[in-house]
Amino acid sequence: MRRKIAYPLATLGMVASSLAVASSPALAHGYVSSPPSRQAQCAAGAVANCGAIQFEPQSAEAPKGSKQCNGGVAAFPELNNDSLPWRATNVGKSATFNWVLTARHRTATWVYYVDGNPIATFDDKNAIPSATVSHTVDLSRFSGRKTVLAVWNIGDTPMAFYNCVDVNIGGSGGGSATPTAPPATAAPTTPPATTPTTAPTTAPTTAAPTATAAPTGTVPATGTAWAPGVAYKINDVVTYEGVSYKCRQAHQSIRSWEPGIWTLALWLPL
Ligand SMILES: [Cu+2]
């Protein structure tokens, strides 16, 4: 049931470049990028022994109605395994969940569950979403470590996409509800030994060192070094490990989402 590359890649407006990476399953569908979902942690290598999901974190697609982290997809049992070392992101009384969508399917609803109960629903009324979607969800009735199930219910198919996001609610209360803020503005309550997947650095709220502005019409050969905690804009150019990339979707950068094969939705290799 997983349709990988039949989707309109042209929605990215980069047909030629999309063809070059069309064989990558990471280009399809969508997933929660921050706070990092379980599949995001797998794809980033933050959690090992993840099985097949690490190669296609955006493919936890299954019929609507499941309340499992993997949506019931037999190929991805690891997502349901609570004993794997999933990293929980500290959040305050609310959290903003950021999706990256590379196939912008018409959308019925986005539903967030805790302990099997729906706690927030966003009704898109079958509209086509943006390439990035953010929802701020009130978590004030909970505290401590919880696994939030985030579900993207597609509007024109029977399918949905499933993401589990582990959070530590009210830890030291970041509570940052603005989509531009990185998910880990809250100071970790745990000792630094546990490395958060998100960048613990203080986040610039405004434009931070992005790529040097190039004259219109020219393609800069290089950019500034990629860094976490930066609000990158479309067409910003960065370098990472000797390769230049152009930003495809405005986003706040986080560590573990460096430019590379798993972040083609965000960064186009030049
Ligand atoms: Cu899709």
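The questions below concern a copper site and aromatic pairs in a predicted model.

This is a predicted model in which local features need pLDDT of at least 70 and side-chain atom pairs count only at pLDDT 80 or more, while totals for chains, interfaces and linings use all residues. Residues are numbered from 1 along each chain as its sequence is written, and side-chain values use heavy atoms, with hydrogens and water left out.

Q: Which residues are the protein donors of the copper ion?
A: Donors are N, O and S atoms within 2.8 Å of the metal (3.2 Å for Na, K and Ca), and since water is not among the atoms, sites may look incomplete. The donor atoms ND1 and NE2 lie 1.9 to 2.0 Å from the copper ion and belong to His29 and His105.

Q: Are His29 and His105 buried or exposed?
A: Buried means under 20% relative accessible area, exposed over 50%, and partly exposed in between (1.4 Å probe, protein chains only). By this criterion both His29 and His105 are buried.

Q: How many residues apart in sequence are the parts that Trp99 and Trp152 tie together?
A: Rings of Phe, Tyr and Trp (its six-membered ring) pair if their centres lie within 6.5 Å, with planes under 30 degrees apart counted as stacked, over 60 as edge-to-face and the rest as tilted. Trp99 and Trp152 form an edge-to-face pair, at 6.2 Å centre to centre and 65° between the planes. Trp99 lies in strand 4 and Trp152 in strand 8 (strands being DSSP E runs of at least two residues, numbered from the N terminus), so the parts they tie together are 53 residues apart.

Notes:
Helix = DSSP H or I, 4+ residues; strand = E, 2+ residues; numbered from the N terminus.
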